[in-house]
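Q: I should like to learn how to read the features of a protein model. Could the structure be shown, so that we may go through it step by step?

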Amino acid sequence: MSCRWPRLSSVTSLHLVSVLASVCLLTVGTPQSRAQPAPPAAFPRMPEGGPAYERNCAPAELRVESFWIELGWATAGTAPIVGLRLSVRLSAAPTDWLQVAARVPDGYRVLQYQSGEWVPFYLLTHSPTAEVELRLQWSASAPVLVDFPVLVHVGSWRQWMRVYLRGSPEGYAAAAVLIDSCGQPLWFRGSQTGVAAGEPGSFWALPTSVGESLLFVSEVMAVPIDMPGYLSPWCGLGTSPPTLDSLLNQVSHHAGCAARRADDGRYVVSFAESYRGAPDASWFVAREGQELRYHAEGTPAVRLLPALLEAAGETMGDSPDLVWSRVDHGWSGSFQAVLASVCAHAEPPLRWEPRSGAHYFELASRPDAGSE
């Protein structure tokens, strides 16, 4: 079994109160009771918009102040199990049972719950923060991209959310977004979306490559994104961006690229002007203001260091030892700091010496003359 989990945010002591004893459920705080309420007969429908829905809205005595998601997955045979953790912080601690319900997406199941069925969680807590986890078992018929609703419910107050999940051989990507009273997603903060500055809109968890992350954003937002090719560097973002432009540039930065919006509404991702590296960004050097940044994935030093010196406007002297070393690291900073990082993380390590206006490189240590 292979497993990959991102680093999780720390939380205080948690107590489980759930009718689903075998489903992992975490909530911050101390419960008031061990009682287990009966599940509701049915969950309400998603908002469809219009005056009728507005008249039936409960008073907004609570609001979601922030939320985030984290992804992990384990593969046993050919059937991955995706762990999706959703954390929600309310404006105040609930005075009644906090209920979180998620509908199982197409092509997945959660224990005995099949696609289309609701998985309910019941929490009683003194804390405004709650966390639940869905362990989604994948089936061969699962679509590449799925989405499903989530309901957060306290007494007469409710908040709908929608979660998007995309799987690929590179990993999984997910996004969660709040739904307004008209059934519309509130993706980003700002006047164009109706979400005030400082309020949450969406959260994106992208523990996958830059290329897969951009494909995921393109599919979820229904926006064409042109890339210079498949971009292989790891993205690994967890972010709540203020705008789509911000999200795309955060993702693209991991591959030495930038994103801009074209006149026809498309987004174009392209390498920075100072970019020097592989077409798939598996290794590159780029200048960022007064600093340099490099990324290398087992890259031969004989490729990386000449590109670094060229980007810095420096000259390389004859350095035949570079053919022995590879670099698997990344760093940004001044020229001297980046040069030191490359040489220290090369395998075998390198050292350099400036001489006659050029930089000369050699192995930091050599085997004894008498060794085999």
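Q: What follows helix 4, and what is the sign of its phi?
A: Helices (H or I, at least four residues) and strands (E, at least two) are DSSP runs, numbered from the N terminus. Here helix 4 is followed by Gly-313, with a positive phi near 75°. This is a predicted model, in which local features need pLDDT of at least 70 and side-chain atom pairs count only at pLDDT 80 or more, while totals for chains, interfaces and linings use all residues. Residues are numbered from 1 along each chain as its sequence is written, and side-chain values use heavy atoms, with hydrogens and water left out.

Q: How is the span of helix 4 checked?
A: The expected span of a helix is 1.5 Å times one less than its number of residues. For the twelve residues of helix 4 this gives 16 Å, and the end C-alpha atoms are 16 Å apart, which agrees.

Q: Which residues of helix 4 are buried?
A: Buried means under 20% relative accessible area, exposed means over 50%, and partly exposed lies in between (1.4 Å probe, protein chains only). The buried residues of helix 4 include Ala-301, Leu-304, Leu-305 and Leu-308. Val-302 also lies in helix 4 (residues 301-312), but Val-302 is partly exposed, with a relative accessible area of 40%.

Q: Which residues make a nonpolar surface patch with Val-302?
A: Patches are made of residues with over 30% relative accessible area and no salt bridge (a side-chain nitrogen of Lys or Arg within 4 Å of a carboxyl oxygen of Asp or Glu). Like charges are joined within 9 Å, and nonpolar side chains (Val, Leu, Ile, Met, Phe, Trp, Tyr) within 5 Å. In this case Val-302, Val-323 and Trp-324 make a patch of about 330 Å².

Q: Why do the buried residues of helix 3 lie on the same side?
A: An α-helix has 3.6 residues a turn, so residues three or four places apart point the same way. In helix 3 (residues 244-253), the buried residues are Leu-244, Leu-247, Leu-248, Val-251 and Ser-252. They cover an arc of only 125° around the axis, which puts them on the same side of helix 3; the arc is that of the directions from the helix axis to the C-beta atoms.

Q: Against which elements do the buried residues of helix 3 pack?
A: Contact means heavy atoms within 4.5 Å. Among the partners are helix 2 (210-221), strand 15 (257-261) and strand 16 (267-271).

Q: Where in the chain is phi positive in a residue other than glycine?
A: Leu-111 is one case, with phi near 55°, and Ala-281 is another, with phi near 65°. Leu-111 is in the loop between strand 6 (108-109) and strand 7 (118-123), whereas Ala-281 lies in the loop between strand 17 (276-277) and strand 18 (284-288).

Q: Are Leu-111 and Ala-281 buried or partly exposed?
A: Leu-111 counts as partly exposed, at 37% relative accessibility. Ala-281 is buried, with a relative accessible area of 0%.

Q: Which peptide bond is cis?
A: The bond from Glu-347 to Pro-348 is cis, with omega near 0°. Pro-348 lies in the loop between strand 23 (346-347) and strand 24 (350-355).

Q: How many helices and strands has the chain, and what share of its residues is buried?
A: The chain has five helices and 25 strands. Of its 372 residues, 47% count as buried.

Technical notes
Accessible areas come from the Shrake-Rupley method with a 1.4 Å probe; for residues, only the protein chains shown count as cover.
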